[in-house]
Every structure is written in structure tokens, then in C-alpha cells.
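Visitor: Could you take me on a close look at one part of this model? I would like to see how things are arranged around the rotation axis, and then what lies further out.

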2 protein chains.
Amino acid sequence: MALTLTIPDLADLARGAAFLATGGGGNPYIGRLMVERAMRETGRELTLLDVDDLADDDFVIPTAMMGAPTVIVEKLPEGLEAVHSLHALERRLGRKATATMPIEAGGVNSMIPLVVAVRENLPVVDGDGMGRAFPELFHETFHIYGVSGTPMAVSDEYHDHAIIEAHDNFEAEWFARGLTIRMGGTAFIAEYAMDGATAKRTSIRGTIRLGLQIGRTIREARAAHTDPFTALVSMFATTSYTHARIIFTGKITEVFRRVEGGFSKGTVKLIELVENSARTPRSMEIEIQNENLIAIADGQVLAMVPDLICILDSESAEPITTEELRYGQRVTVMAVSVPEIMRTPEALAVWGPRHFGYNVDYVRIENL
Amino acid sequence: MALTLTIPDLADLARGAAFLATGGGGNPYIGRLMVERAMRETGRELTLLDVDDLADDDFVIPTAMMGAPTVIVEKLPEGLEAVHSLHALERRLGRKATATMPIEAGGVNSMIPLVVAVRENLPVVDGDGMGRAFPELFHETFHIYGVSGTPMAVSDEYHDHAIIEAHDNFEAEWFARGLTIRMGGTAFIAEYAMDGATAKRTSIRGTIRLGLQIGRTIREARAAHTDPFTALVSMFATTSYTHARIIFTGKITEVFRRVEGGFSKGTVKLIELVENSARTPRSMEIEIQNENLIAIADGQVLAMVPDLICILDSESAEPITTEELRYGQRVTVMAVSVPEIMRTPEALAVWGPRHFGYNVDYVRIENL
């Protein structure tokens, strides 16, 4: 069923998308401002279309930002870059999109397709290909289930652009990343064009609505002075991200961060706060590669990619991004299961713990 | 008037193109093999079309290699990469080429359009946009006289490709260079598509025929045991590269070479061979940025870019590329004037000595 989004919804969605980003994905704030501006300038609202409401012959062109999210804070997007990529890809394919959608539900890319949708007066499909945030363009259910990422359009703020065609989605990522660097660190893309039948087969459903729900749950719990973490656990139980649990509460004692091969890598260490030294406090280490990928407490893995590992402020439940982690922060770590389409053997080959270099087999959060 | 080229002509053209490359441009040998193979496989000859024989509504798409010429020795081109770029650009423009042509008369790029022409059964326009070799895609009379370098197609050996569209030719070079690096150091391009009227307005005429003449002059002088340098000077006097002169004869005493920003830079030092120390021998320094750009003897500039500075083996008059320069080689340095279209104020702004960082005004070789 179609849902209409208005400007007041965007704050909820931004907070929820930051939660789904599990530390990476870029802060959605700038993206939210871009959507707001597009809505004000056009007077339009946003129509959110269920994946299952797509007609088989609909034509969906997802849109997104790629590159270093930190760059958009200094090189503010004009707001039409992704629209330009959509147009360039439409020209290449000789076909107009009937809808756009996110490739990534977490972080700033929750917002970019909304900008495109408002500017182009298109609906947004409520779903995506990551179900969270991931670093590369082939971390996509679209890729996993056989959709070609190319032809892909890559545009910059001058509306300079390239249409890339590659024999596989890894090479497409490699070329697009190279261009993005030469475009100044960020670029805007349109890719994984597909018909409605393919979108129904390969999408992770309902991830925009989920972002809205997460944001709303946190906001309402704060307003009601109830515990936002309990509220989140109850809320997730009603969704395809069924199993949410608090895996750690404590304070940050160390943050190691480095940039390696264009990605933010690092480790954050936490320690439990125990009153009167009643017992030895537990400790936790979370390994980061743009996103929080694996959480280990006293030698035991408590959660691992692709399940969500979210570091939240213990007071406000506000999601904390990798860049914002600081010594002394009081945080609560929540782990959340992801939908089945993200946990198949094909999916785990692309984004399971071994893909990111961890020598462990994937175990579902609900079995840990 | 159209001229037909056959396989025996290719050795002359390769030697002449190496001469015009003034040390850079990549050894034409691999390109020559690609043309020979295309001719043998198709049974076709090559039709060379005079620039002035183009109809105004002809459609010319130049083709070339870009990247590090040293790479093609290890990553041998398959021979259809540039054809693939031509096709991709034709699809983008919705128009078939009626001819191809070189963007660069010197080095391996004298051969790439010939491969395309044979494979596609197209004529080659006898002219180019550099009149020699230069390092970057905007070192072109096409650029200087207002032709857009984009849309441009860039392809690799997998036939992966991108169509680049940029707001100026400097940005086009920047993006294409980035892609070329990610394609493994070499790529094949189609760019500066233009109608016949524009090609007539912006081309340097007759540079393929000139390459053939240079190669033939050296070959015939060798066979006749006459002096190839005198023969070259007489031959150039009949062309638009009118003024050729020997500016130094001696031996190489030092070669400094480094790779900086993807370009080969360096200096070669020469000393005159004087019998019985009858007088103090003269010395010369030649500054290199891929190509030989400025020649200075005892503090006096004797030749400078865009005029040609060619280092030739003193015995055989064989052109020596930058990579082949060695201590002790006996060499003769010949400087040659370039056509007027390459010496206008607009042209000198793009490839005069100041563009390459030398703090001197351009003085024509015939006035030095």
C-alpha cells in the first residue's frame, strides 16, 4: 500500500537510517536537508510504493551517492546530481523510470532517492539492496540475485558524467570508485536498473518504512520518558528484522581508527560499568570497516555481519557513527537480525564475516 | 587524393611515426603488428583520404590508445579495443563514422586508427590533431580550435567501457586518465567526433603521408649508402614541416629519468666529439617530459616545443625513444619546424614552452 511522506517524517527517517547504517553510511542529515529543500521548492510530497505493489513491467532505477560521506559536509551537493545520473541512464537505456529506490537503506543513501523522487515526481519503492549500510556497490541483493549493476551513470556537481558498462559488478565498482575519486571524492549514481518483476524478486522489502519506525520509536519513547531500548526490541519483533537484543552496555575506553584503501577501519573497546566492583566488569571489542562488523565480548562473538551492530547513546538511544565515537561515551550496543534474503549462502558469500576477512562462520544473532 | 597503403608501407610509417614522436608516443612496433594482422585476416588494404577530400557532412571519429605505452609490451592489445570504443561512441551519437583518423601522428597512435580502419572497412583521414606526439588529450588542434573531446568512449581488453561527458576537455582528460589507470594502465579511446567541415578546419594535414615519407627517406638513404640526414633535410623542405636542421652531433654522457605524476621526465646530456682536442667540445642538454621539449647548447636554446627535437642514431638515423637513451650512444639531434596551424597564439597557449613550465617565449626554429 502506498504511503505518503511529508517533511516532519524526515527527521524520524534520518534517525532510523542512521541506526540501520551501523556506524557507517554517512550521516543522513545533509541528505535530509536536500529532500526538505526539494519538497519546499516543488510543493510535492513523497509517495512510498510497496515492493509488492510494483507491476512486473514497471521500470525501477535506483539512485545513490557514492564516495566518502565525510566529503559532502564540505562539498555540499547541489541536489540535482543524482537526477542528472537518472536522466543519463534513461537516455542510455531508451526508457524512463517509473520509480526510483535506494540501493542502501542506511545512512545518507536513504535520502538521495527521495530527492530524486521529489524532483522527478516519481514514487520511491520502499525497499533496497543492502538492508543496512555496506561499503561497496556489489554489496547488494540486486548483485547477489543476478542483476547487472551496469550500465551505470556516475555524475558530479558540474553534471559531468560517465556511463560505465562492465562485464561484472566488481569491475563496475572498481571503475566507478576511480571516477568518484577524480570527481572530488563524491559522485552520484544511477544503477541496477530493473523491471518490477526483478525488483520484487531481489529487493529487501520495507526498509524505508523500517527506518521511519525506528526513528519514531526512539522519538516517542523519549517524549514519553520510557526506555527507548525496550521499545525498539518490541518494535523490531513486529518486522522482518525480528530479533533485537542489547548485547552490551558500558563506556568507550579506546577508539582506534585508520583510513586504509579508502575505507575507515578500526576497533572500538568498551568496558562495563559495575558499581562497587561487585564483580569483574565485562569488556567488548567491536571491529569496524566503515560499518560495525563484529562484536566480541571476553573472547566470545556476540554478533556479526550481516546482522546489525548498532552503537547507541545510552541516554537518548541516538545512533553514533564511527566518526563520532569518543573515549568516555556511555553507550548501549544493540544487535538486530536481518531478513532471510540477506542470510542465504549466496548472500553470505558476498557479505558474510569471511568476505570481510574474519575467520569465523556466520552464526545468526538469535543463535548466539 | 586517396592513397592505398599495403603491408610493406607499414615499416616506413612506423619509423616515420617514431621520428615524429620526438622520443615519446610509444614505440609503433606493436601497433604495426596489429595493423598487419588486421590486413592479413581481412585481406583488406588501407585507404588514406586527404583532409581536403572530406565532404562537409562526412562524420569523422578519431581513435587512439591512451595510457603508458610501456604497458602494451606486456599487456598486448587484442586489436579490437579501439573498434569497440568506436562502436560505443557511434551508439551514443546515433551516427556511424564515415572515416577514422589519428589524434596523434607520432608513436603508436599512428597505427591504432589504421587497425580500426581495416577492421571496419573505413578510410583513414590523412591528418591528426597533434602533428607529433604529446602527453595529454587536450594537446590537440581539435581542442585548440573548439571541438569537444566528449562524448568520449574508453574501452579495455574486456570491452568494458565508459562513455564520458565533461564540461571541458581538461576534465575529460582527467576522468579518462583515471579510468585508464583502473583499466590496467592502457585503454583505447574514440573521441573528438566531428563532421568533415570541422575536420577540414581543425586538422593538421598530411601527417600520415609525412610519416611514410620520413621512413622511406631514411630507408632509401641507407640502401643507397648516402647520408640520411641530408636526405631528410631536403625532404622536409618540400613539406609543411619545412625547416629541418641538425642542431647537434655527439655522444650521450648522462641520462636522468624519473616518473612524476604518471609522466616520464628527465634530462639527457650530450657532448660533441672533437678530434685531438682541437677546441673545447660543445655540450647540449635536452629536457624531456615524455617527449623531447627543449634543447639547450652551452646556455643557448636551439629548439623548443612545439617544434620537433629528434634524437637519431648517428649511423642509421633510427629515431631513439626516451626509454632507449643510453650512455655512450652516438647521436644526431635534428630539429624540425611544425606547420602554422600548430604555431598560432591559441596553439602556443596549449603546447608552447610555458605550458610545460619553461620560462621562455616560443621562438621558431628557423629564427634561432
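Guide: Happily! Ile163(A) comes closest to the rotation axis of the residues of chain A, with its C-alpha at 2.5 Å. About that axis, a turn of 180 degrees with a shift of 0.0 Å along it lays chain A on chain B with an RMSD of 0.0 Å, the superposition being by least squares on the C-alpha atoms of residues with pLDDT of at least 70 in both copies. That is the relation of a two-fold axis. The copies meet through the same surface, because 100% of the interface residues of chain A are also interface residues in chain B; contact here requires C-beta atoms, placed from the backbone, within 7 Å.

A word on conventions: this is a predicted model, where local features need pLDDT of at least 70 and side-chain atom pairs count only at pLDDT 80 or more, while totals for chains, interfaces and linings use all residues. Residues are numbered from 1 along each chain as its sequence is written, and chains are lettered from A and ligands numbered from 1 in the order in which they are written.

Now for chain A itself: an automatic or database assignment gives domain 1 (3-205) and domain 2 (241-367). Their C-alpha centres are 26 Å apart, and their contact takes 21 residues from domain 1 of chain A and 23 residues from domain 2 of chain A. On the domain 1 side, helices H1 (7-20) and H5 (141-144) of chain A each supply at least two residues, and H1(A) gives the largest share, four residues. Helices are DSSP runs of H or I, at least four residues, numbered from the N terminus.

How values were computed. Two residues are in contact if their C-beta atoms, placed from the backbone, lie within 7 Å.
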